Amino acid sequence: MVSTVPTLADALAAGPVVLDGGLSNQLESAGHDLSDELWSARLLAEEPEAVLRAHLAYYEAGARVAITSSYQATFEGFARRGIGAEEAAELLGRSVALAREAAGRARAGGAPGPLYVAASAGPYGAMLADGSEYRGRYGLSVAELERFHRPRLEVLAAAGPDVLALETVPDADEARALLRAVRGLGVPAYLSYSVAGGTTRAGQPLAEAFALAAEADEVIAVGVNCCAPDDADRAVPLAAQVTGKPVVVYPNSGERWDAEARTWCGIPEFTADRVAGWVADGARLIGGCCRVGPDAIAQLAAGLGR
């Protein structure tokens with residue numbers, strides 16, 4: 001009898017699936033300097049094994065989905081560093097291959113499967129590296145944004161991920177562009193907004209932003225990431241209600257960065273009780289973003305019995 005691995009959409013239909021935590025904080029905790037416009041994408045060329053180890057740490061902690069290090073990896077960003085289109089495409093493909101290899105190592109080490117790979121496509125503002133990824137409103141049309149995103153998504157899709165992670169999207173117009181750009185690629189996607197209160201970072205009502213994905217067949221989950229846990233509390237039930245799709249949620253820890261003191265402050269608000277509430281409200285793909293590391297993911301997985 002031939003066994004088949006369930007798709008990620010099948011897994012979400014069966015119950016909650018654990019996503020990984022913040023890739024950048026895991027790399028920084030291992031001693032890697034990410035103070036660079038390419039952020040973690042720089043390590044794709046310089047220290048790929050470090051990226052693999054970071055993914056492996058999350059798989060071993062209980063994550064079943066790892067998000068690739070391609071969030072800030074774009075043809076335009078690489079070009080500014082003198083990296084041509086052919087090498088840039090190779091690096092984008094490498095981001096998927098590294099996560100896939102980490103999954104293989106985790107499985108060989110006894111991690112239960114199946115394990116999945118989500119190919120990250122960050123917003124246009126992430127390429128600019130000027131903070132506009134948290135504002136949106138770039139002054140570009142939907143068509144221009146689609147032309148920016150499509151080539152990278154084509155390369156990532158060709159590398160064979162299980163899902164395309166359209167993540168940290170600050171603006172409903174950019175979401176429109178991304179939803180157009182994933183059409184016909186043959187790989188499902190999830191759409192995740194960066195939010196503040198009841199709106200996108202660009203100020204659009206969340207209900208309207210979520211509704212854009214309701215009829216998109218390519219989209220298997222809709223939700224939020226890189227936001228405060230309080231914002232996630234409000235967004236999860238709304239995303240489920242508006243779209244009827246599984247909800248993806250991976251907020252930050254809730255700590256705040258004190259720029260003057262150059263340190264994180266406050267108490268982490270990412271708790272097991274909170275996760276249970278998200279599940280009750282329709283969340284099915286659940287993890288963490290900034291300042292949420294393998295230990296927190298291990299607690300999340302244990303709490304969900306995953």
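How much accessible surface does the protein chain have, and what share of it belongs to carbon and sulfur atoms? The accessible surface comes to about 12400 Å², and 49% of this belongs to carbon and sulfur atoms. Accessible areas come from the Shrake-Rupley method with a 1.4 Å probe, and for residues only the protein chains shown count as cover.

The model is predicted: local features need pLDDT of at least 70, side-chain atom pairs count only at pLDDT 80 or more, and totals for chains, interfaces and linings use all residues. Residues are numbered from 1 along each chain as its sequence is written, and side-chain values use heavy atoms, with hydrogens and water left out.

**Overall form**

The C-alpha atoms of the protein chain fill a box of roughly 55 × 45 × 45 Å along the principal axes. The radius of gyration is 18 Å, which agrees with the value near 19 Å for a compact globule of 306 residues. This radius is taken over C-alpha atoms, and the globule rule is 2.2 Å times the number of residues to the power 0.38. Of the 306 residues, 54% count as buried (under 20% relative accessible area; exposed is over 50%, partly exposed in between; 1.4 Å probe, protein chains only). Among contacts (heavy atoms within 4.5 Å) between residues at least 6 apart in sequence, 76% join residues at least 24 apart.

**Sheet**

The chain has 13 helices and twelve strands; these are DSSP runs numbered from the N terminus, helices (H or I) of at least four residues and strands (E) of at least two. Eight strands form an open parallel sheet in the order E1-E12-E9-E8-E5-E4-E3-E2. Strands E1 (17-18) and E2 (65-67) stand at the edges with a single partner strand each, so one side of each is left without a neighbour in the sheet. Two strands pair if DSSP finds at least two bridges between them. E2 pairs with E3 (residues 116-121) in the parallel sense over three bridges, and Ala66 stands opposite Val117 in E3.

**Backbone details in loops**

The peptide bond from Gly113 to Pro114 is cis, with omega near 0°. Pro114 lies in the loop between helix H6 (85-108) and E3. Two residues other than glycine with positive phi are listed below.

| Residue | Phi | Loop between | Relative accessibility |
|---|---|---|---|
| Arg137 | near 55° | H7 (124-128) and H8 (142-158) | 47%, partly exposed |
| Cys226 | about 50° | E8 (219-225) and H11 (229-243) | 5%, buried |
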